[in-house]
Amino acid sequence: AYTADKAEGYICIDKDTMLITAAGIDFAGTHTIEGQKYITGYVATVTYKVATADTYEEITGEMPEDAEPEDKPTPLFYKVTAPDGGIMYMLGTIHVGDNATAYLPNEVYSALENADALAVEFDIIAFEELLKTDKELAAEIANVFYYSDKSLISTHIEEELYKAGLQHALTAGVPAYVADYLTPATWADYISDLYMGSYPALTTEQGVDRRLLRIAKEKGIDIINVEDPKDQYGMPYKYTDDIHRVLLLEALNTARAYYIDETQKMYDMWCEGDEKALTD
């Protein structure tokens, strides 16, 4: 005898563009053979993303040509001089960008090429490469997305928030078979990543931090990690349940259009070097 216990499928569509963002199947059934029950199941999730410069780089291994923009960025750039004559330059980098981030002021490139070292939050390029080869590190980083006691997310947040969050998380591409074991902050990250991934005007590969890191590597300039990559990467997932809950609520209550608009505004202010606007 055979019984279909569960057979569900879903397709998620972005309401702004009408593009499919994810699709999934959740299936389970029971075979009964000579009185013995055997359970069979299948869960699969497919996520779709809008092609961007990041996609091009992932496929070809190279960044696309950067067309020279009409208005080149003039970000805030500080020169700090110590009493003994030592000099440090400070540039507040932004982690997304477009072709304009390839055309920073000459003062920035000159300072970098003549520097003893480039100090960054951490070398994200080297860290990502290490994750591909170091299985123990990859497993350690993957664990930050789950509760250390292996508990379910539904035991940490109320039922109404769980149901609303799960729907958005699956839409954002969270694999259905691990969704219940992830933290609310992980769900929130998936949702915000979906928003930015569907906005090809700004990409992470064109972020200023990555641009400067690539130049430093090409020029043989030392790179200093200001923070420990493992601690910095896992920090948002070590918060209390209350903060996790707030992060998920914020992601659910922020419309995609608003999120993208605010990110674009911040990027424009960065390019203009508008200190007052950025401070406000």
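**Exercise 1. Place Asp268 in the chain and describe its surroundings.**

Solution. Start with the helix: Asp268 sits in helix H10, residues 256–272. Helices here are DSSP runs (H or I, at least four residues) and strands are DSSP runs too (E, at least two), numbered from the N terminus. Before going on, note that this is a predicted model, in which local features need pLDDT of at least 70, side-chain atom pairs count only at pLDDT 80 or more, and totals for chains, interfaces and linings use all residues. Residues are numbered from 1 along each chain as its sequence is written, and side-chain values use heavy atoms, with hydrogens and water left out.

Next, look at exposure. Asp268 has a relative accessible area of 33%, so it counts as partly exposed, the class between buried (under 20%) and exposed (over 50%), with a 1.4 Å probe and protein chains only.

Finally, look at the neighbours. Asp268 belongs to a patch of negative charge on the surface, together with Glu70, Asp71, Glu272, Asp274 and Glu275. Such a patch takes residues with over 30% relative accessible area and no salt bridge (a side-chain nitrogen of Lys or Arg within 4 Å of a carboxyl oxygen of Asp or Glu), and like charges are joined within 9 Å.

**Exercise 2. Which kind of aromatic pair do Tyr267 and Trp270 form, and which kind do Phe122 and Phe127 form?**

Solution. First, recall that a pair of aromatic rings is described by the distance of the centres and the angle of the planes. Rings of Phe, Tyr and Trp (its six-membered ring) pair if their centres lie within 6.5 Å; planes under 30 degrees apart are stacked, over 60 edge-to-face, and the rest tilted.

The whole structure holds five aromatic pairs. For Phe122 and Phe127, the centres are 5.6 Å apart and the planes make 80°, so the pair is edge-to-face. Phe122 is buried at 9%, and Phe127 is buried at 6%.

For Tyr267 and Trp270, the values are 6.5 Å and 10°, so this pair is stacked. Both residues lie in helix H10, three residues apart, about one turn of the helix. Tyr267 is buried at 1% relative accessibility, and Trp270 is buried at 8%.

**Exercise 3. Where do Glu34 and Lys150 lie, and are they buried or exposed?**

Solution. Take Glu34 first: its loop runs between strand S2 (20–33) and strand S3 (36–47). Its phi is near 50°, a positive value in a residue other than glycine. With a relative accessible area of 84%, Glu34 is exposed.

Now Lys150: this residue is in the loop between helix H4 (135–142) and helix H5 (159–171). Lys150 is not a glycine, yet has a positive phi of about 65°. At 57% relative accessible area, Lys150 is exposed.

Technical notes
Patch = residues over 30% accessible without salt bridge, like charges linked within 9 Å, V, L, I, M, F, W, Y side chains within 5 Å. Areas by Shrake-Rupley, 256 points an atom, 1.4 Å probe, with all protein chains shown as cover. Lys, Arg positive; Asp, Glu negative; His and termini not counted. Charge placed at Lys NZ, Arg CZ, Asp CG, Glu CD.
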